[in-house]
Amino acid sequence: MRITQTTLQKMLENNEKFTVLTCYDATFATILENAGIDVLLVGDSLGNVLHGENTTLSVSLNDMIYHTRCVARGVSKAFIITDMPFGSYQVSPEQAFENASKILAAGAQMVKIEGGQIMADTIQFLTQRGIPVCAHIGLMPQSIHQLGGYKLQGNSEKSAKQLLSDAKLLEKSGASLLVMEVVPAKLAKKITQALAIPTVGIGAGADCSGQVLVLHDMLGLSQGKKPRFVKDFMADAKSIQEAIANYVTAVKTGQFPGKEHEF
Ligand code: KIV
């Protein structure tokens with residue numbers, strides 16, 4: 001049976017962790033689904049891992065539509081979320097609707113949008129018109145030049161308060177999932193407890209409702225310094241299938257992320 005946002009909500013209510021990995025093509029989509037991954041995120045991290053760019057800023061709407069189609073062809077059960085790329089939703093709620101509708105037509109069941117309170121009106125506009133939205137706060141790669149680098153967010157009292165109030169507002173505006181990236185584990189736990197919708201952590205500790213990693217990072221394929229929150233699941237596996245299955249088990253049993261992966 002197809003996983004839906006209702007399934008994820010039920011998993012939260014049943015205290016069952018759900019698993020998310022980024023995915024950009026049909027072959028991996030089938031491998032991830034068969035290994036038990038609940039949600040495939042067609043992330044704009046494809047700008048980094050497929051295009052070799054230093055940021056996600058050059059990823060286009062057409063790139064996201066193309067890769068969503070590829071992923072959608074590879075699955076029958078997994079829930080698909082696609083990132084709205086930089087510049088495709090920030091101008092107005094109407095611009096966001098026009099572009100999000102193309103992403104849903106390509107096979108995604110939900111779009112992901114980076115931003116705190118500034119995105120509340122857009123999220124309300126989309127969700128009132130039938131487009132499910134996953135909000136994304138904390139380290140937002142599309143704002144990398146404004147944030148001044150890939151670094152921990154919400155680590156001062158003021159910024160932690162802001163993230164908590166952003167999370168509550170985005171939920172009130174209609175978001176049905178919330179990604180938190182590179183924030184202190186204690187703060188992610190507090191935000192998760194304050195919301196009724198599921199949260200998805202990446203570098204946000206073990207207390208989020210689900211976990212996400214970039215596929216190439218967890219398969220040990222990414223070049224350069226490995227971020228603290230990444231675990232290379234290929235290191236102890238004989239195949240990609242085994243590495244993904246180990247990730248599923250580790251997330252579902254609460255073994256990943258460990259203390260060594262959190263901030
Ligand atoms: O694009 C992406 O891979 C993401 C995850 C890091 C959450 O947004």
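# Ligand and helix contacts, question by question

User: What makes the approach of the Asp-44 side chain to the ligand a polar contact?
Analyst: An oxygen atom of the ligand is 3.1 Å from an N or O atom in the side chain of Asp-44. The cut-off for such a pair is 3.5 Å, so this one counts. Keep in mind that the model is predicted.

User: How do you know that Ser-45 and Lys-112 make polar contacts with the ligand too?
Analyst: Same test! Ser-45 has a polar side-chain atom 2.6 Å from a ligand oxygen, and for Lys-112 the value is 2.7 Å. Each distance is within 3.5 Å, so each pair passes.

User: Which other residues sit around the ligand?
Analyst: The list includes Thr-22, Leu-41, Gly-43, Asp-83, His-136, Glu-181, Ile-202 and Val-214. To get on it, a residue needs a heavy atom within 4 Å of the ligand.

User: Now the helices. Why are H8 and H9 called roughly parallel?
Analyst: Check the angle. Helix H8 (residues 157–172) and helix H9 (residues 185–194) cross at roughly 30 degrees, and their axes come within 10 Å. Angles under 35 degrees count as roughly parallel, so that's the label H8 and H9 get. Their crossing is right-handed.

User: Which residues of H8 and H9 actually meet?
Analyst: On the H8 side you've got Ala-160, Leu-163, Leu-164, Ala-167, Lys-168 and Glu-171, and on the H9 side Leu-187, Lys-190, Ile-191 and Ala-194. Sorted by class, the contact has seven nonpolar, no polar and three charged residues.

User: What makes H4 and H5 roughly parallel?
Analyst: Helix H4 (residues 61–73) packs on helix H5 (residues 93–105) at about 25 degrees, with the axes 8 Å apart. That angle is under 35 degrees, so H4 is roughly parallel to H5. Leu-61, Ile-65 and Thr-68 of H4 touch Asn-99, Lys-102 and Ile-103 of H5. This contact divides into three nonpolar, two polar and one charged residue.

User: And why is H5 called oblique to H6?
Analyst: H5 and helix H6 (residues 120–128) pack at an angle of about 45 degrees, with axes 9 Å apart. Under 35 degrees would be roughly parallel and 65 to 115 roughly perpendicular; about 45 fits neither, so the pair is oblique. The crossing of H5 and H6 is right-handed.

User: Which residues hold that H5 and H6 contact?
Analyst: Pro-93, Glu-94, Ala-96, Phe-97 and Ala-100 in H5 meet Thr-122, Phe-125 and Leu-126 in H6. By class, that's six nonpolar, one polar and one charged.

User: How do you know that Thr-4 caps H1?
Analyst: Look at the N-terminal end of helix H1 (residues 5–13): a side-chain oxygen of Thr-4 lies 3.2 Å from the backbone nitrogen of Thr-6. The limit for a polar contact is 3.5 Å, so the pair qualifies.

User: What stands out about Asn-15?
Analyst: Asn-15 has a positive phi of about 60 degrees although it's not a glycine. You'll find Asn-15 in the loop between H1 and strand S1 (18–22).

User: What kind of peptide bond joins Phe-256 and Pro-257, and how do you know?
Analyst: That bond is cis, with omega about 0 degrees. Pro-257 is in the segment after helix H11 (240–252).

Note on methods: Residues numbered from 1 in each chain as written. Predicted model: local features only at pLDDT ≥ 70, side-chain atom pairs only at ≥ 80, totals over all residues. Heavy atoms only, no water. Axes fitted to C-alpha atoms, helices over the stretch in contact; angles between N-to-C directions. Helix = DSSP H or I, 4+ residues; strand = E, 2+ residues; numbered from the N terminus. Parallel < 35°, antiparallel > 145°, perpendicular 65-115°, else oblique. Left-handed = near helix turned anticlockwise from the far one by under 90°. Contact = heavy atoms within 4.5 Å. Nonpolar A, V, L, I, M, F, W, Y, C, P; charged D, E, K, R; others polar. Polar contact = N/O pair within 3.5 Å; in protein donor to acceptor, adjacent residues only side chain to side chain.
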